[in-house]
Amino acid sequence: MEWLDLIAQISGSAIRFSVPLLFACLAGLYSERSGVFDIGLEGKMLVGAFAAGTVAALTGSAWLGLLAAILASVFFALLHGFASITHRGNQIVSGVAINFIAAGLTAQLGETWFDLGGQTPQLPNDARFMVIAWPYAETLRGVPVIGQIYSQILSGQNILVYFAFLAVPLTWWLLYRTRFGLRLRAVGENPAAVDTAGISVPAMRYAAVTCCGVLCGFAGAYLSIAQSAGFIEHMTAGKGFIALAALIFAKWRPVPAMWACLLFGVLEAVAIRLQGVPITGIGIVPVQLMQAVPYILTVVLLAGFIGRAVAPKAGGVPYVKEK
Amino acid sequence: MSGPSRELPRWVDIGLIPLINLLAAFLVTGIVFLAIGESPVGSVAIMLNGAFGYGSGLGYTLFYTTNFIFTGLAFAVAFHAGLFNIGAEGQAYLGGLGVALVCLPLGFLPMVVIIPLAILGAALFGAGWAFIPAYLQAKRGSHVVITTIMFNFIASALMIYLLVNVMSPKGSMNPETRTFDPNAHLPLIHDVFAGLGIEIASSPLNLSFVWALVCAVAVWLLLWHTTLGYQLRVLGANPAAAAYAGMKPQRLIIIAMLISGALSGFLALNEIMGAQNRLLLEFTAGYGFVGIAVALMGRSHPFGIVLSALLFGVLYQGGADLSFERPSVTRDMIVVIQGLVILFAGALEHMFRPHIARLFSGSRLKAKEA
């Protein structure tokens, strides 16, 4: 049953890889469903990761690190909101600006504060979110299928992993079963109608970008204080853009977002597994090809070859109240 | 946008407002400098000296300026047609491949033959990489912003693969090609001047700077003095009007993106053929994204783009000198400054406009509002 074990291992690491994507993807979902495009997910994750690494190193508390990540990321989300909602600036340009500022600022401040080549200090285990072993995980390890699912997939993850997967039904419920969700979806499709109903379009959009900031903070904290033991320069490495790809892939819906992120997580896990390993009949698959698959799939999807990705109608358009 | 913009004199619109936005960006930059314990004024002095104070510094400034002229023009051409090409990074990367595929095998040819071929290679590969997003936008309505982002990443993966597995010389562990033959190096400006008997400081500034200026003039002629340019601008201003006037929006979208991609590809002339003389990883170094800021600062006009490219060139070279003289300032600081300029000059460009508009046409406008 060696291959069963291999599948369990790949699944386990696929889940770990998909978690930051999932947080960021849901973050983008709130923002874009409200009509604010966000290509600054990457930047917000990065400031979140940096804030978490810094505060966890200074206080020794993972929870304070998480809080700092959320605050820092929300600040940048509000900046995006200020530019694109209040001042009707171009949302793409604002997103690019945020990515630049985040990349530069985290590296510069890291160097200034810690003098470790842009990194934050190595965190001790009690300043991180460590894996939680479920009861009897080791004992059940030997049982085929059930034991492997239990011990290598359900057990042995850190608490943020569970948060990420809880955020999916929560987002679904918020979006489709609450008044807030109805309004949020409406401002992304037809802001004029929402305005006519006497609801403030800017207020709804600010609420949405704040949700986006909170979730990007989780994504960043996961990278620096759960998956690794500290912040490393540019550690998001394009994950914000893969999350964006996943969001398009999921057609801006929460449950498909989870599947898209898991798929991309599997690709990453398999890519690492397959590095340098020849496959019969194909030969060695270049690792770069595996890494490019999410982007290629997204382009193919956008071209309408596998279904059609229809973005929220009012996305990217600043709302101008009629005079 | 809304009313007040039309009330403003032209020099306010294209001169004063960008300047105020820039000042706001620099003000925030100053705060960041204070936060890391550096004097903003002292830093500016070092940066200006680094950018203009001595010959080779000036050469480097113009070298960086060359990159920004290309990517700024690239963004502007697409922007005039209403397209947001943020794929200059990827297009420039592939442009490098085009340059290398000319320079590696044909290095024995005389320079006068190889330079036009390399220009052609850069243009074809840059435009080729822009073609797919362009085609998908034109024919299938896929948003060009998203597809060009994705193409940046695909380009990066492709180039890593090529440089690691295919194009690096046998036995070499470095992900780069061999150095081009001397005929395939763009002449450096200081060598050109030395040939004329004039001694100037050495720097990587090369003939692609001249080509960048030629491109700026060409883009200006194209946009404002040809039918095609007129059609592109109509498409950007009002796609429906363009369609009703019998223009072919799909064709125009593709043409605009091809020109944009070709201009991005020229970045490789400066970096690969002019400075590095070999194809290597990551040579685009974010210049493609900075092109967005350059174009927006320059109000998408070639003349403005050359000026704002110079500003960014100063930031780059001055920033490099600053990080050398003040170890506490890293090169990442330049990235922060660029980000702030993009934020204030691009995303927040309307922030000060109503206030300025009120200042200029104060009572008249107020009377109208009341």
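User: How do the residues of the lining of the largest cavity divide into nonpolar, polar and charged?

Analyst: In this predicted model, the lining divides into seven nonpolar residues, one polar and no charged. Ala, Val, Leu, Ile, Met, Phe, Trp, Tyr, Cys and Pro count as nonpolar, Asp, Glu, Lys and Arg as charged, and the others, Gly among them, as polar. The lining consists of B:F33, B:M47, B:G319, B:L322, B:V329, B:M333, B:I334 and B:I337, so B:G319 is the polar one under that definition.

User: What makes this space a cavity, and how many of 30 Å³ or more are there?

Analyst: A cavity is a set of points on a 1 Å grid over the protein atoms alone where a 1.4 Å probe fits but cannot get out, and lining residues have an atom within 4 Å of a point. The count comes to one cavity of 30 Å³ or more, and the largest holds about 30 Å³, a volume being the space filled by probe spheres set on the points, which are joined across faces, edges and corners.

User: Which element gives the largest share of that lining?

Analyst: Three residues come from α16(B), the largest share; α15 (302-325) and α16 (332-347) of chain B each supply at least two, helices being DSSP runs (H or I, at least four residues) numbered from the N terminus.

User: How do you know that chain B and chain A touch, and how many residues take part?

Analyst: Contact means heavy atoms within 4.5 Å, and 44 residues from chain B and 43 residues from chain A meet that condition. Between them the chains bury about 3600 Å², 80% of it on carbon and sulfur atoms, where buried area is the accessible area (1.4 Å probe) that two parts lose on being put together, summed over both. In chain B, B:R140, B:M150 and B:F153 lose the most area to chain A, together 16% of what that side buries.

User: How many salt bridges does the rule find across this interface?

Analyst: The rule asks for a side-chain nitrogen of Lys or Arg within 4 Å of a carboxyl oxygen of Asp or Glu, and it finds zero between chain B and chain A. On the side of chain B that touches chain A, the largest share, twelve residues, comes from α7(B).

Note on methods
Residues are numbered from 1 along each chain as its sequence is written. Chains are lettered from A and ligands numbered from 1 in the order in which they are written. This is a predicted model: local features need pLDDT of at least 70, side-chain atom pairs count only at pLDDT 80 or more; totals for chains, interfaces and linings use all residues. Side-chain values use heavy atoms; hydrogens and water are left out. On a 1 Å grid over the protein atoms alone, a cavity is a set of points where a 1.4 Å probe fits but cannot get out, and a pocket is an open set with protein on both sides within 12 Å along at least five of seven lines; lining residues have an atom within 4 Å of a point.
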